Amino acid sequence: MATETNPIRWGIIGAGGIAKAFLLGLNGSRTGKLVAIGSRNPAKPSLKADFPGARIHDGYEALLADPEVDAVYIATPHPGHAEWAIKAAEAGKHALVEKPIGLSAFEAEAMYDAARKAGTFMGEAFMYRLHPQTQQLIDLVKSGAIGEVRMIKSSFGFAMPKFMPEHRLYANDLGGGGILDVGGYPASMVRLIAGAATGKPFADPVKVLGVAHLGLEGTDEWASAVLKFDSGIIAEISCSVSVQQENVLRILGTTGRIEVKDFWFVSGPRDGQPGTFEIIMRDGSKQTVGGDKRAPLYSFEADAVGDAIRAGRQEFAAPGMSWADSLGNLRVLDKWRADAGLEFNLEKPQKKAVTIRGDKLKAPKRDGIEKREIRGLSQPTSLVAMGFEYFPTFKGASILLDAFYERGGNLFDTAHGYRSGQSEGFFGNWHKSRGVKRDSFVLIGKGIHTPLNYPDQIGKQLTQSLERLKTDYVDVYFMHRDNEEVPVGEFVDALNAELKAGRIKDIYGGSNWSRKRMDQAINYANKHGLVSPGGLSNNFALAEMVKPVWAGCVAASDDEWKAWLKRKKIPDFSWSSQARGFFTDAAGRDKFDNPEIVNSWYSPKNFKRRDRAIKLAQELGKTPIQIALAYVLNQPLEVVPLIGPRSIAELENSLEATAIKLSKEQVKWLEG
Ligand SMILES: NC(=O)c1ccc[n+]([C@@H]2O[C@H](COP(=O)([O-])OP(=O)(O)OC[C@H]3O[C@@H](n4cnc5c(N)ncnc54)[C@H](OP(=O)(O)O)[C@@H]3O)[C@@H](O)[C@H]2O)c1
């Protein structure tokens, strides 16, 4: 156990090149010492020589099981970071993870979630952030030494002696290329300076435009990006593994500029030689600053971790990389890679698919999300349906799909139009790559959105959807928008043909349909001996939608709708069931910079409901947004909330709300 007097006992996972440099830092640190390493090949003779005195464990699991290790330094090639950081947190170990902490912001979210739950420290090892000289640079910028910062230029580019497809810097399967290996340095530095210039620990750009040259491994060998911040600051960043660049950070202000050579070494080499930087004023006068800190570069980060652990903090304090800072940095790299068309093979659907923990998908938890019978559906479904349109990548979506399924979720919401069909493709690849049996999930499909909402499009689009979803049928099908110019019977006929063909298994209905048109559809079906619509997918939430969130969308939250749903015994699959953030802390009465929420949900009646949700949340020890979801689930009607969590933490927050039981009186009281 680490105390103020006992050093923090470190273990290393991935005892390769950088781990040796880190050991140098640990040896010079105030707070820590190396006690053990884990290796896939513990007999490697170099280990004893490179890490003298350290216990050598056979494999990383064995290192994590070592009770005499308090903190681990994870220095495998990038693709191993998420798996071992999550396993470290689960083993109760603090973790300093080499950069990039994850392959994407989606991975990092899941990693921080593991640390959050375990109560352990987790941080990304951008060592230069913890060096006092970086603070000196921040202070200079803040002091206005070069006036107002306008532009920042930064590169980190070196040339490997030759192309080596198997080397981690090139290999696709090892997450190769410059953007992930070194691009994160200039990205994190310009975000740091753009933040300092505006009085914040860091700033996230409002725009990122990236390009890259992809080599024979399909990984980026040289790449550039431009970032625009809302303060007006523009940054140009570049990186490379096949081209030596100038590597001078230039911070350009209205009265002068600051230049730092190799800023990641704080302009001096790793072993602690002091580095300096220059201030060059508009008139050409020069001043050299810095040069007074002599300690191995990695000692500062080791001690920053040590201090955080001793203070019970789970993340680095600024200017170290806090969780929000690392997530912002990875979002820049994600966009840069997306612009460059770089998706690693291991991020694509694979035959031997594993979850982010590196394991096979687990069977659903028996005592996981509650299930219930919904009229018209042939099997019980989880209380909530999972939507994942938000995710632009298969890997990102699959982290949440895995998590939902393992927690007992079996109802999934998709649509032909989500991300132009990409989301359907993600789902098809997800269930196939995980070997999830078709009868163990219930699929909501949607099609015919404006302007293609015509009956003859139903079959055509469903064919495309089923192909992408890699299945022969959807369980539930909704017409995404109505087209009142078309006689309702034509839609009913087309959908009955699909029911008959077995491509829609259980129920069909309208999404964003009016009561009048739903009634007409029901009457038409009854009159012609056809199956009538068995479901609706309109918004239903504690806050009543004031103006449509998107053109043509309809809410079914008011009293007339409630009476109709009850009379017709039709389940409503409610989108935006938590009123899209209206119940979060940010949506205060005064001003809120999200025009969609202001326009669609701000009304005196909704604010009264929100106040009551806040009050009830306090009484029950929950959050208002959880109360908003519980309100939907505790209706005397069948309302199935569609949820769209963006991280495991958000998913778990919603799932926790499914267990809240509200009495009839509480539901009425919330309505006021
Ligand atoms: N902060 C910095 O200044 C800095 C500098 C360089 C690199 N890094 C980061 O540190 C990480 C490691 O880089 P490195 O240059 O130290 O790499 P490296 O020399 O190749 O060492 C990586 C180690 O990870 C283990 N490993 C686990 N899975 C592996 C796999 N599939 N292929 C190869 N090795 C594997 C190996 O140890 P065993 O075989 O013994 O298990 C290996 O010695 C990278 O994420 C990189 O971004 C940071």
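This section describes the ligand site, the nonpolar cores and two buried polar or charged residues in a predicted model.

We can start with the ligand. Its surroundings comprise 24 residues, of which Ile 18, Ser 39, Tyr 60, Lys 99 and Tyr 298 come nearest. By class, this shell divides into 10 nonpolar, 7 polar and 7 charged residues. Two helices, α1 (17–27) and α7 (178–197), each supply at least two residues of the shell. Several polar approaches to oxygen atoms of the ligand can be listed. An N or O atom in the side chain of Ser 39 lies 2.5 Å from a ligand oxygen, and for the side chain of Tyr 60 the corresponding distance is 2.5 Å. Arg 40 takes part through its backbone, with a polar atom there 2.9 Å from an oxygen atom of the ligand. The protein covers 79% of the 880 Å² of accessible area that the ligand has on its own.

The interior of the protein comes next. In soluble globular proteins, nonpolar side chains tend to be buried together. Here the largest nonpolar core holds 211 residues, and those touching the most other members are Trp 10, Phe 51, Met 122, Ile 152, Ile 251, Ile 258 and Tyr 477. Helix α7 gives the most to this core, with 11 residues. A separate core of 5 residues lies apart from the largest one and includes Met 160, Met 164, Leu 169 and Tyr 170. Met 122 offers a good view of the packing in the largest core: beyond its neighbours within four places in sequence, Met 122 is in contact with Ala 85, Ala 89, Ala 95, Val 97, Ile 101, Met 111, Tyr 112, Ala 115, Gln 314, Glu 315 and Trp 323.

Two further residues deserve a look. Gln 461 sits in helix α12 (residues 455–469) and counts as buried because its relative accessibility is 7%, under the 20% cut-off. Leaving out residues up to four places away in sequence, Gln 461 touches His 416, Gly 447, Ile 448 and Leu 452.

Arg 481 belongs to the loop between β20 (474–479) and α13 (488–500). With a relative accessibility of 6%, Arg 481 is therefore also classed as buried. Its contacts, again without residues up to four places away in sequence, are Ile 448, His 449, Thr 450, Asn 453, Ser 511, Asn 512, Trp 513, Trp 550, Ala 551, Gly 552 and Cys 553. Among these, Trp 513 is 32 residues from Arg 481 in sequence, while their C-alpha atoms are 6.8 Å apart in space. Ala 551 contributes its backbone oxygen, which lies 3.1 Å from a polar atom of the Arg 481 side chain.

Key. Residues numbered from 1 in each chain as written. Predicted model: local features only at pLDDT ≥ 70, side-chain atom pairs only at ≥ 80, totals over all residues. Heavy atoms only, no water. Near = heavy atom within 4 Å. Polar contact = N/O pair within 3.5 Å; in protein donor to acceptor, adjacent residues only side chain to side chain. Areas by Shrake-Rupley, 256 points an atom, 1.4 Å probe, with all protein chains shown as cover. Helix = DSSP H or I, 4+ residues; strand = E, 2+ residues; numbered from the N terminus. Nonpolar A, V, L, I, M, F, W, Y, C, P; charged D, E, K, R; others polar. Core = buried A, V, L, I, M, F, W, Y, C linked by side-chain atoms within 4.5 Å. Buried < 20%, exposed > 50% of the residue type's maximum accessible area, 1.4 Å probe, protein only. Contact = heavy atoms within 4.5 Å.
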